[in-house]
Amino acid sequence: MQFYRDGYRPGDPDVHPASAEALRRPSALPPTLDVLIVGSGPAGAVLAAQLAAFSGIDTRIIERQSGPLEVGQADGVACRTVEMFQAFGLAEALLREAYWVNEVRFWGPSDSDRSQISRTGWVEDTPAGLSEFPHVIVNQARMQQFLLDHAARSTSRLSVDYGIEFVTLTIGEGEHPVEVTLRRADGEEFTVRAKYVIGCDGARSAVRRAIGRQLHGDAANHAWGVMDVLATTDFPDWRSKSVIQSAGRGSLLTIPREGGNLVRVYVDLGQTSAGDTDIRSTTVEQLTGVTNDILHPYSIDVRAIAWSSVYEVGQRLADRFDDTPDDLSDHPPRVFIAGDACHTHSAKAGQGMNVSMQDAFNLGWKLAAVLEGRSDATLLRTYSAERQTVAQDLIDFDRFWSAFIAQPVLDPAHPEGGGVTAGQMRTQFARQGRYTAGLATQYTPSSLTGADTYQDLAAGFEIGTRFHSSRVVRVADAKHMQLGHAHRADGRWRIYVFDDASGTEAVEFARWLESSAASPVRRFTPTRSPIDSVIDVHAVFRRDFHDIEPTRLPEILLPHSGALGLQDWEKIWATDPVDDIFAARGIAPTGAVVVVRPDQYVAHVLPLSAHENLSEFFAGFLRERDRGDCTE
């Protein structure tokens, strides 16, 4: 974290000085603004945190509730989501507070007495090597607050306007074409006009209805009772995530929570139909009774219940995630929906909150690029195209997984009744590890994702998937760290230049990026902006860090920026002698160029000689700017 680039300042470095634009803005909602976010849930909070990095963009977030969420339904935080939190500088705080899911333990009917349960095995929750971060558990309310606090500390000083409800919108013409009708808690209605509106307002989204989008699929097909309990018990795996299946009495999923004592208990209440009021009237006493029946011969003595609910969720998907008419593909989208507003699924996949946050992470940097003039509005069409496919994949996985774990336990004495064995359950659970870690997303070739022609040059950085970090040494200060942690949620693209075996081509490539008029850095960086403000270039060298002299490298790897023109010493890396990134990620002896999107997904892999290919790739979505002072 660099916090003295514009001069020394005392105090908490996480609290950034308010920008001049932020100080001029009124505290109340203005009549016109750039971006209006409706809803402060997981998707809205990520979008606010990301857009808060751009103080020149007037973003506001409204929430119909009177204050911040105190207890939320979601709690599972996938490895991929923790990686995203690292880009906001929030992973350390999140991990300090969270419960770490290390194992999943399985229980089923005892072979000696099927009326009782016994442990049948366990698996590692997240297969080794998938991510540098674990799968953790943190209450949704805390997740949102981390992000909203980050937005409030930013130069934009972005905070939530509570007690304001979205009513409807109309889309017209002009600089602020979206007219939005809002309602205060006292019933007063008023309007604002925005350039863009994003509905992050949940499964019953009013924004979705206003643009005529619908959720298609099963409205509700399975019911769950859930309670966060403080209890004493003789069940030995109370502080490990456990899947518990009984003989004829149902199944449980227990997930320990943060804080050392709280445990979330999911009670499978079986198939249901939409609007089943009887199932919703299930009491916590009934849920506790079912829990104890399933746990026999063990039991829990509930001392307090922090939160409980009964809900039904089916698999449903919106036909589009924006307002673009189906017959007008060139129509620039102005209104978007994200998270539960455009896809819902069961709790069994454990991905609802995580995928919702990734929706917003995909959209935020694109909005910033368009509003700051770095990209045309056509870039915004890629949001629905990319994220609807991801949501459909999640729903397909959820249908399979829900059906699989809903099967009864096979009774060896009566195999004709069907079901799954304990071994099959463990095997299938382990097989789904990459998906439940949030790492199965792969964007297909498009203007933002290149073809895999040169994938063999960096096999471990698979195009279209998230950038799989690995350890390196920062040359300037000998710090051993993850290369991916150099990536911040600031809207910039990254180019990682991996050294060739000779140690010369990477330097020449960096020199070309710095000085050639054909370089994408020169073509697409505004004249009066820092050289790394659009594309952030890093180099990783195949040698001991002591053998690298930073000041002898091209200035693009040690650029001057900020009010004082200070150097940035954090772009030059060397191999970690214990964990060689070149071997770990399959970097070819000829070296490679790895392009990474602002949302941490690998966009392209190219050889160090592919100057024209690289420049034309960026020309597909960035506007060309004349920087001047370039040479061929």
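This passage looks at a three-stranded sheet, the helix that packs on it, and that helix's partner, all in a predicted model.

Start with the sheet. Strands 12, 18 and 20 line up in the order 12-18-20, giving an open sheet with antiparallel pairing. Strands in a sheet are held to one another through backbone hydrogen bonds, in either a parallel or an antiparallel arrangement. Here the edges are taken by strand 12 (215-217) and strand 20 (343-344); each has a single partner strand, so one side of each goes without a neighbour in the sheet. Between strand 12 and strand 18 (residues 316-318), the antiparallel pairing runs over 3 bridges. One of the bridge pairs is Gly217 with Arg316, the latter sitting in strand 18. Helix 10 packs on this sheet, where it touches strand 18 and strand 20. The direction of helix 10 makes about 170 degrees with that of strand 18.

Helix 10 (residues 381-405) also pairs up with helix 11 (residues 422-431): their axes come within 11 Å and cross at roughly 160 degrees. With angles over 145 degrees counting as roughly antiparallel, that crossing makes helix 10 roughly antiparallel to helix 11. As for handedness, the crossing of helix 10 and helix 11 is left-handed. On the helix 10 side, the contact is made by Phe400, Trp401, Phe404 and Ile405, while helix 11 brings in Gln424, Met425, Gln428 and Phe429. Sorted by character, the residues of this helix 10 and helix 11 contact come out as 6 nonpolar and 2 polar, with no charged ones.

Methods:
Residues numbered from 1 in each chain as written. Predicted model: local features only at pLDDT ≥ 70, side-chain atom pairs only at ≥ 80, totals over all residues. Heavy atoms only, no water. Axes fitted to C-alpha atoms, helices over the stretch in contact; angles between N-to-C directions. Helix = DSSP H or I, 4+ residues; strand = E, 2+ residues; numbered from the N terminus. Parallel < 35°, antiparallel > 145°, perpendicular 65-115°, else oblique. Left-handed = near helix turned anticlockwise from the far one by under 90°. Contact = heavy atoms within 4.5 Å. Nonpolar A, V, L, I, M, F, W, Y, C, P; charged D, E, K, R; others polar. Pairing = 2+ DSSP bridges.
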